[in-house]
Amino acid sequence: MYVELHAHSAFSFLDGASTPMELAAAAAAQGYPAFALTDHDGLWGSMEFAHACKGFGVRPITGAELTLRCRPAGPVSDRGLSLPGESSRSSPPAGETAHITLLVEDETGYRNLCRLLTAAHAHTRDNTPRAQTQPRATLKQVEEHSEGLVCLSGCARDGAVAGAFERGDTAAGEKLARRLLAAFGRDRFRIELQRPYWRRDRARNRWLALLAERLDVPSVATGNPHAHDRRRSPLQDALVAIGRCETLEESEPHRRGNSTSALTSPGAMAARFAEYPEAVAETERLAERLGFDLTEQLGYRYPGSEDPGADAELARLCSHRLGGRYAGNARLLEAQWRLEEELATIRKLGLSGFFLLHRDLLELAREVAAEVRGPESARNVLPPGRGRGSSVSSIVCYLTGLSHVDPVEADLFSGRFLNEETTSMPDIDLDFPRDIREVLIPRVHERYGREHSALVAAFPTYRPKGAVRDLGKALGLPPMEIDKVAKTVGFFEGGAEIERNLLAALGAERAKEPRWRVLLNLAEEIMGLPRHSSQHPGGMVISTRPLIDVCPVVPAAMAGRQTVQWDKDSCADAGFLKIDLLGLGMLSAVERCVEEIGRARGERLDLSRIPLDDSETFESIRAADTTGVFQIESRAQMQMLPRTQPRDLDDVIVQVALVRPGPIQGGAIHPYIERRKLRREDPGYEIPYEHPLLEPVLEETLGTIVFQEQVIEVAMALSGFSSSEAEGLRRAMSRKRSERAIEEHHRRFLAGAAANGVSEEIAERVWNQIKGFSGFGFPKAHSAAFGLLAYQSAWLRIHYGPEFLCSLLNEQPMGFYPPDSLVHEAQRRGIRVAPPDANRSNALCHVETPREEEGVRGGLVVRIGLGYVKGVKEEEVEALVAERERGGPYKGIAELASRAGAGLPSLERLAWAGALDGIPAGSDGDRREALWRAGVTAAGRIGGDGTQLALPMEPPRPPRLEPLGEWGKLIADYRSTGMTVAKHPMRLLRSRLDPRLARTSDLAKIDHGATVEIAGMVTARQRPETANGITFMLLEDERGSVNLVVPPPVYDRHRTLVRNAPLLRARGRLERREGSINVVVSTLAPLEPAPTAPKSSDPAPQPREPAVAELRAVAPAGHSFGRRGR
Amino acid sequence: MPGLRRLYAPQRVAVRTDPRGAPATVEGVAVEAVREEWLVEDRWWTPQPLRRHYFEVATADGRALTVFRTARAQRWYRQRA
């Protein structure tokens, strides 16, 4: 039986056209008992492949095709350096490099392969970090790391031995073969025979077979497939052209030449080598020996895992903290009991070191935080990071600071997080605020050593735009046309969308061009394939053993950083301890908020002790009064909240997971909403499960699939999948482009369900839910952490409104709404917001208590920071604030100019923004006058006779300037800060608008189905992938916001307006459904005030007619979201 | 252009095949041995894709010939040089 020992996936980067998942599925379908993945110079896809194979019952073999550096005359070069200026794109001269195929026999071999691959990559970024050179290892390095590896002599064209034959240098080939034989020994060196259907196959194989006889080693047949299916062969050709920056025509000598390099059956392979039956038999004999199992024998350990004192240390730490946390608490005994129980489980699982390491990292982060933020920061109450996931239910996590929630108080059970059957590591991801992250990454390297820590890799995959550009070039299409089409395709669009864009951009005639047709087909295939490797923004792995013994480590594009060859999924599969140093915007915002509360009110708030059942908070959530709240602020969430009516944290956790493509496409949303409603009305309502077997796994989500794990649980419950089979199914679903793998699972799913007595109809229905879900959902643990953060932010928004708004403004850009909308929404809730003021503002926004002498009492005011004024230099703002704090408030603009040292451009911008209005010397504090004064006194203007110095004296009275007026100020506000804290523009415009226009506050009183017309500013636009071309827009007026639903025909009619207009007038049908109001738009128009003669009391400007055009030019663009919903 | 002829243009030849599809005779001359056999699949992105199954054969009269069969029309050609 033939076993494949040499195969490439797309992780050979532009020299392989199928994902590891596709290869594994095809191997299973073709009946391979075992299969080796040997990508170029890497194990990038090996973990994914190994797990995929296991899911299909194929035994995975781990290996790689290593690039050797050698000179044409012979292989002897021990310098591991790459030549300057060489890039991986241009292949070196023939004979400069050669390939050998390395296969892992045992753990030693795996370690050696990792080290070899690490060495091969060590110098790939020596010359310029951004341009990578080709990895290559020296023969000497191979000789030093041969133990435990089986070496095949290499592929037909570039192989170390066969390649020499191709070049006509058989002597060099034999010499190199002998050296490899000496390095690996007779048992572990084989001459590799391939049959790619090239012109010299027979002659080459004859020579190789004779050489094997002379060396007295067996020869072995390999297939070297580069695609899992013949139909993928054209793409393989195109990838080679892309990799070489050539057209398909030009790349002819480097392409495979025919489609026989696609995977075929073991029988067909044996037939291909009919003349060499021994070489076929040898594949099976070798495969028997290559028993290394990557999924089980990695030998990874996290630091602290072998520490015998860890158990005692963790227990000591926890009981110490327990005393402090629960002193005088009525539930102390209960807490104690829970702690002992959890510690016992942790001891049994040998995870004490794991928890200590996490704590260690948090402590490290705390040190970093103290340095970055200063020791007085109120944020020091908590470590500056937090665990997400089900860890929030653990008291050990709470006591060690990993979780911010008191599980005893919140009645959370830790069974899901920790139980004795747990086979994988518990899920503790740590998120850190953005400012901590940059400092923490190098600090982790320092603490654990560069050999023991590295970043996680990421693989950018093909998206429509890149596909059009790369494939267009390979097909030799005109660059102008490529550019035109590429510019119009969106990030998340599919192949069909490319075709539509092609038609729109080039017209029907050009779209018929055969090469464009070919491009459309190839684009469909290339989507989702990895293009190159890159680094994950913040994920790090830490290991006790040197990392290069468990995974190859390669230099990253950022100088001084390095990554492992695996992405976050493979790292998770490997059981690596991964810390996520991702900066989560809302996490930073929440912490800023806690700090601001400390500053403004002197309260030290501990977020882990806030009540989790605050009725006011839940009321606001149920009313969709959630602008600015983490996750549940989005348009889609706001629509749903009044219908799902969350009542506790568990509900919010489901809620967060609900608005994802998985539950939406899997058809979970409507049944979930409906069943919740029926349950509310009748607590005895019976959930109609598809099958009784599903009740235990879908109970908490009312019979629908909402969380990613539920896919696994459903497959196990309904079809008797083993946990590894079900895991395989989840993988096939969660990674793209694995139709074949999914079909294979489908077959097994139906068979398994039938065996459990489930009817085919039900099984198909459940399968369709699983398939619709496709893995694009949150895991429970992730939702749990996000749900908690959503609740905390909602709680802060209700109880500390000004501080919460302030922290959101300081953490921009983040969230669903632009700052202007956040401010307006807060103002509608009675929160006062004050404009930037050179005598009051800091660089960032802050919360202040109004001065009594100004006649304003009570409450807190959010003061916009000077940093919001566009175009003002950061250091000038800082100097201005520092000087004010040192020498007191500025008494005049001239004094400001001379003391703060700000240049004229900055002063002018501050004046336009109204930030100089509060400086006393001006007569009535008008901006025009401030501008005039700034212009006269500021330094930095270069006149005809040199640079003017700042004059520390107030200029004479300015000439009479017409004050800017409300409208003028509004325009200036938007132009200089992108927001206004004064009157809403719609309020200023209202009197000049058609009185028949409804206001958002009127909508609640209008009947369902009535036609309404409404006007306002567009604050967000969204075209979710899951909404069949419908575009949603949020329209804001002086009273609130309303959701506009723009159906595709209306979108097509008003494309430009929908995409760009900041001010709109919309007419449509009002739809009211369980508390949410939408306007389904039938026509759109730009907003134009009626040309009626305005009355003199009008706040809107009379003399200056083009007012709306002016606002249109400066109004904030509103956030636009791509096709994928948030 | 009249009077000009493409050099090395493949010429139609009569080939009888064995059950496996390999040439048994070329222009009536028996094939002694198939020395090489290869596939060329190219220009699939154009309206004239190329799909040829090549055989390098030694004939009974002592010549080495390269012939190919086109995939679509299943016609045999002899390739010069």
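The following exercises, each with a worked solution, concern a predicted model of two protein chains, A and B.

**Exercise 1. The interface**

Task: Determine how many residues of chain A and chain B are in contact, and what area is buried between the two chains.

Solution.
Step 1. Begin with the contacts: 25 residues of chain A touch 15 residues of chain B.
Step 2. Turn to the area. The size of an interface is often expressed as the accessible area lost when the parts come together. Between chain A and chain B, about 1600 Å² is buried, and carbon and sulfur atoms give 49% of this area.
Step 3. Identify the main contributors. A:Y197, A:R199 and A:R202 supply 37% of the area that chain A buries against chain B, more than any other three residues.

**Exercise 2. Polar and charged links between the chains**

Task: State how many salt bridges and how many residue pairs in polar contact are found across the interface of chain A and chain B, and describe the side of chain A that touches chain B.

Solution.
Step 1. The rule finds 3 salt bridges across the interface. In a salt bridge between side chains, B:D42 meets A:R255 at 3.1 Å, taken from N to O.
Step 2. The interface also has 12 residue pairs in polar contact, with both residues at pLDDT 80 or more.
Step 3. Consider the helices involved. On the side of chain A that touches chain B, at least two residues each come from α7 (201-215), α8 (233-243) and α19 (514-526). The helix that gives the most is α19(A), with 4 residues.
Step 4. Classify the residues on this side of chain A: 10 are nonpolar, 4 are polar and 11 are charged.

**Exercise 3. The architecture of chain B**

Task: Give the number of helices and strands in chain B, and the share of its residues that is buried.

Solution.
Step 1. Chain B contains 0 helices and 7 strands. Its pattern along the sequence is accordingly written β-β-β-β-β-β-β.
Step 2. The C-alpha trace of chain B spans about 35 × 30 × 20 Å along its principal axes.
Step 3. Of the 81 residues in chain B, 43% are buried.
Step 4. Among contacts in chain B with a separation of 6 or more, 37% join residues 24 or more positions apart.

**Exercise 4. The nonpolar cores**

Task: Name the residues that touch the most other members of the largest nonpolar core.

Solution.
Step 1. The largest core has 220 residues, and those touching the most other members are A:F189, A:L298, A:W566, A:F576 and A:L796.
Step 2. Helix α13 of chain A (residues 352-373) gives the most to this core, namely 10 residues.
Step 3. Examine A:F576 more closely. When neighbours within four places in sequence are left aside, A:F576 is in contact with A:L298, A:Y300, A:V541, A:V550, A:C551, A:W566 and A:C571.
Step 4. Another core, of 37 residues, lies apart from the largest one; among its members are A:A474, A:V485, A:A505 and A:A523.

**Exercise 5. A covered helix**

Task: Decide whether helix α1 of chain A is mostly covered or mostly uncovered.

Solution.
Step 1. Helix α1 comprises residues 20-30, and 9 of its 11 residues are buried. The helix is therefore mostly covered, given that buried means under 20% relative accessible area.
Step 2. The buried residues include A:M21, A:E22 and A:L23.
Step 3. After α1(A) comes A:G31, which has a positive phi, near 85°.

**Exercise 6. Comparing salt bridges**

Task: For three salt bridges of chain A, state where the partners lie and whether they are buried, partly exposed or exposed.

Solution.
Step 1. Over all chains, the structure holds 68 salt bridges. One of them joins A:R179 to A:E143, with the closest N and O atoms 2.6 Å apart. Because A:R179 lies in helix α6 (residues 170-184) and A:E143 in helix α4 (residues 139-144), this pair ties together parts that are 36 residues apart in sequence. A:R179 is partly exposed at 22% relative accessibility, and A:E143 is partly exposed at 30%.
Step 2. A:E481 and A:R510 form a salt bridge, their closest N and O atoms also lying 2.6 Å apart. The pair links distant parts of the chain, for A:E481 belongs to helix α17 (residues 479-488) and A:R510 to helix α18 (residues 495-511), 29 residues apart. A:E481 counts as buried at 13%, whereas A:R510 counts as partly exposed at 29%.
Step 3. A:E883 and A:R886 form a salt bridge with a closest N to O distance of 2.9 Å. Both residues lie in helix α35 (residues 874-887), 3 residues apart, about one turn of the helix. A:E883 is buried at 12% relative accessibility, while A:R886 is exposed at 64%.

Methods:
Residues are numbered from 1 along each chain as its sequence is written. Chains are lettered from A and ligands numbered from 1 in the order in which they are written. This is a predicted model: local features need pLDDT of at least 70, side-chain atom pairs count only at pLDDT 80 or more; totals for chains, interfaces and linings use all residues. Side-chain values use heavy atoms; hydrogens and water are left out. Contact means heavy atoms within 4.5 Å. Buried area is the accessible area (1.4 Å probe) that two parts lose on being put together, summed over both. A salt bridge is a side-chain nitrogen of Lys or Arg within 4 Å of a carboxyl oxygen of Asp or Glu. A polar contact is a pair of N or O atoms within 3.5 Å; within protein, one must be able to donate a hydrogen and the other to accept it, and residues adjacent in sequence count only if both atoms are side-chain atoms. Ala, Val, Leu, Ile, Met, Phe, Trp, Tyr, Cys and Pro count as nonpolar, Asp, Glu, Lys and Arg as charged, and the others, Gly among them, as polar. A nonpolar core is a set of buried Ala, Val, Leu, Ile, Met, Phe, Trp, Tyr and Cys residues joined through side-chain atoms within 4.5 Å. Buried means under 20% relative accessible area, exposed over 50%, partly exposed in between (1.4 Å probe, protein chains only).
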